[in-house]
Amino acid sequence: MDITSATASGAEPEIGVTIGVDPAVIPYGTSVLINGKEYVAQDTGNYTGNHIDILCESEAVAENLGTYNTIVHIKTNGKR
């Protein structure tokens with residue numbers, strides 16, 4: 001497993017918790033609910049706008065989950 005030691009926000013990445021976001025849309029530290037599961041905006045990626053990348057344990061798992069549209073609920077805007 002090749003995971004970086006720190007996210008763009010400085011947090012330690014956590015599989016199944018850390019999401020990559022456009023911080024201009026969802027600020028770092030924001031907790032969101034996606035399909036009933038809580039995630040925290042801690043990183044960014046090579047995208048902008050309304051896109052979220054959930055940190056998975058491997059590329060294979062990420063590919064298996066695929067890309068989809070869903071409703072995202074903003075839970076908080078404070079650090080976890």
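Of the contacts here between residues at least 6 apart in sequence, 58% join residues at least 24 apart. Keep in mind that this is a predicted model. The protein has 80 residues, and buried ones make up 25% of them. You'll find one helix and five strands, and from the N terminus they run β-β-β-β-α-β.

**The nonpolar core**

- Seven residues form the largest nonpolar core: Ile-19, Val-21, Ile-26, Val-32, Ile-34, Tyr-39 and Ala-41.
- Two elements, strand 2 (31-34) and strand 3 (37-43), give two or more residues each to this core.
- As background, nonpolar side chains in soluble globular proteins tend to be buried together.

**Val-32, a core residue to click on**

- Val-32 sits in strand 2 and belongs to the largest nonpolar core.
- Is Val-32 buried or exposed? Val-32 counts as buried because its relative accessible area is 0%, and the cut-off for buried is under 20%.
- Leave out residues up to four places away in sequence, and Val-32 touches Ile-19, Ile-26, Lys-37, Glu-38, Tyr-39, Val-72, His-73, Ile-74 and Lys-75.
- Among those partners, Ile-19, Ile-26 and Tyr-39 are fellow members of the largest nonpolar core.
- His-73 is 41 residues away from Val-32 along the chain, yet their C-alpha atoms are separated by 5.4 Å.

**Ala-41 and Pro-27**

- Ala-41 is another member of the largest nonpolar core. Setting aside neighbours within four places in sequence, Ala-41 is in contact with Ile-19, Val-21, Ile-26, Pro-27, Tyr-28, Gly-29 and Thr-30.
- One of those contacts, Pro-27, is in the loop between strand 1 (18-20) and strand 2.
- Pro-27 has a relative accessible area of 36%, so it counts as partly exposed.
- Between Pro-27 and Gln-42, 15 residues apart along the chain, the C-alpha separation is 8.5 Å.

**The salt bridge**

- How many salt bridges does the structure hold? There is one, and it pairs Glu-38 with Lys-75, with the closest N and O atoms 3.0 Å apart.
- This pair links distant parts of the chain: Glu-38 is in strand 3 and Lys-75 is in strand 5, 37 residues apart.
- Glu-38 comes out as partly exposed because its relative accessible area is 31%.
- Lys-75 is at 46% relative accessibility, so that residue is partly exposed as well.
- Both Glu-38 and Lys-75 also turn up among the contacts of Val-32.

**The largest pocket**

- The largest pocket holds about 790 Å³ of space.
- Its lining has 29 residues, and the ones nearest the pocket centre are His-51, Ile-52, Asp-53, Ile-54 and Tyr-68.
- Which elements supply at least two lining residues each? Strand 3, strand 4 (53-54), helix 1 (59-65) and strand 5 (72-76) do.
- Helix 1 gives the largest share of the lining, three residues.
- Sorted by class, the lining of the largest pocket has 16 nonpolar, eight polar and five charged residues.

**Strand 3 across the topics**

- Strand 3 shows up in several places, so here are its roles side by side.
- Strand 3 is one of the elements giving two or more residues to the largest nonpolar core.
- Strand 3 also carries Glu-38 of the salt bridge and supplies at least two residues of the pocket lining.

Notes:
Residues are numbered from 1 along each chain as its sequence is written. This is a predicted model: local features need pLDDT of at least 70, side-chain atom pairs count only at pLDDT 80 or more; totals for chains, interfaces and linings use all residues. Side-chain values use heavy atoms; hydrogens and water are left out. A nonpolar core is a set of buried Ala, Val, Leu, Ile, Met, Phe, Trp, Tyr and Cys residues joined through side-chain atoms within 4.5 Å. Buried means under 20% relative accessible area, exposed over 50%, partly exposed in between (1.4 Å probe, protein chains only). Helices (H or I, at least four residues) and strands (E, at least two) are DSSP runs, numbered from the N terminus. Contact means heavy atoms within 4.5 Å. On a 1 Å grid over the protein atoms alone, a cavity is a set of points where a 1.4 Å probe fits but cannot get out, and a pocket is an open set with protein on both sides within 12 Å along at least five of seven lines; lining residues have an atom within 4 Å of a point. Grid points are joined across faces, edges and corners, and a volume is the space filled by probe spheres set on the points. Ala, Val, Leu, Ile, Met, Phe, Trp, Tyr, Cys and Pro count as nonpolar, Asp, Glu, Lys and Arg as charged, and the others, Gly among them, as polar. A salt bridge is a side-chain nitrogen of Lys or Arg within 4 Å of a carboxyl oxygen of Asp or Glu.
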